[in-house]
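Student: Could you take me through one part of this model in detail, and then place that part within the chain as a whole?

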Amino acid sequence: MPATWECPSCKRRVPLAVEECRCGWLRSRVPVAAPRPSDPVRGTARRGWETWVGLAVVVGALAWGIYWMVRPPAKPNTKGILGYVDATPPPPSTRPTPRPN
Ligand SMILES: [Zn+2]
């Protein structure tokens with residue numbers, strides 16, 4: 001509820017406590033303002049648009065979090081000490097196998 005009323009004659013905002021505008025217009029002559037029909041429609045449309053954007057952001061964040069939780073671990077990129085990396089597998093064991101007698 002606004003604390004003022006608008007004078008339809010001079011468009012001045014007049015406090016509710018003042019019954020008469022400076023131009024002489026009486027508050028009792030002001031017709032009851034009808035609700036503007038475009039307001040609810042515009043509000044609903046904007047709310048719908050914001051809802052969809054918010055929903056998209058939430059879904060994207062959830063998908064990103066789930067991807068980070070279930071993604072395969074990165075391949076370990078280990079470096080050898082002082083830059084040496086032994087890429088070849090160790091040679092087969094030269095230990096003589098015991099022969100059964
Ligand atoms: Zn007035």
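**The zinc site**

Tutor: In this predicted model, the zinc ion has as its protein donors the SG atoms of Cys-7, Cys-10, Cys-21 and Cys-23, which lie 2.2 to 2.3 Å from the ion. The angles among the four donor atoms run from 103 to 118°, and the site of the zinc ion is accordingly classed as tetrahedral, a label that requires all angles to lie between 85 and 135 degrees. Along the chain, the donors of the zinc ion are spaced as C-x2-C-x10-C-x1-C.

Two of these donors can also be described by their accessibility. Cys-7 counts as buried because its relative accessible area is 0%, and the cut-off for that class is under 20%. Cys-10, with a relative accessible area of 31%, is partly exposed, since this value falls between the limits of 20% and 50%.

As for the setting of the site, the chain contains one helix and two strands, and their order along the sequence is β-β-α. The chain has 101 residues, of which 5% count as buried, and Cys-7 is a buried residue. The area that the chain exposes is about 9900 Å², with carbon and sulfur atoms supplying 65% of it. Finally, if one takes the contacts in the chain between residues at least 6 apart in sequence, 4% of them join residues at least 24 apart.

Technical notes: Residues are numbered from 1 along each chain as its sequence is written. This is a predicted model: local features need pLDDT of at least 70, side-chain atom pairs count only at pLDDT 80 or more; totals for chains, interfaces and linings use all residues. Side-chain values use heavy atoms; hydrogens and water are left out. Helices (H or I, at least four residues) and strands (E, at least two) are DSSP runs, numbered from the N terminus. Buried means under 20% relative accessible area, exposed over 50%, partly exposed in between (1.4 Å probe, protein chains only). Contact means heavy atoms within 4.5 Å. Accessible areas come from the Shrake-Rupley method with a 1.4 Å probe; for residues, only the protein chains shown count as cover. Donors are N, O and S atoms within 2.8 Å of the metal (3.2 Å for Na, K and Ca); water is not among the atoms, so sites may look incomplete. Four donors count as tetrahedral if all angles lie between 85 and 135 degrees; four count as square planar and six as octahedral if opposite donors are over 155 degrees apart and all others between 65 and 115; anything else is irregular.
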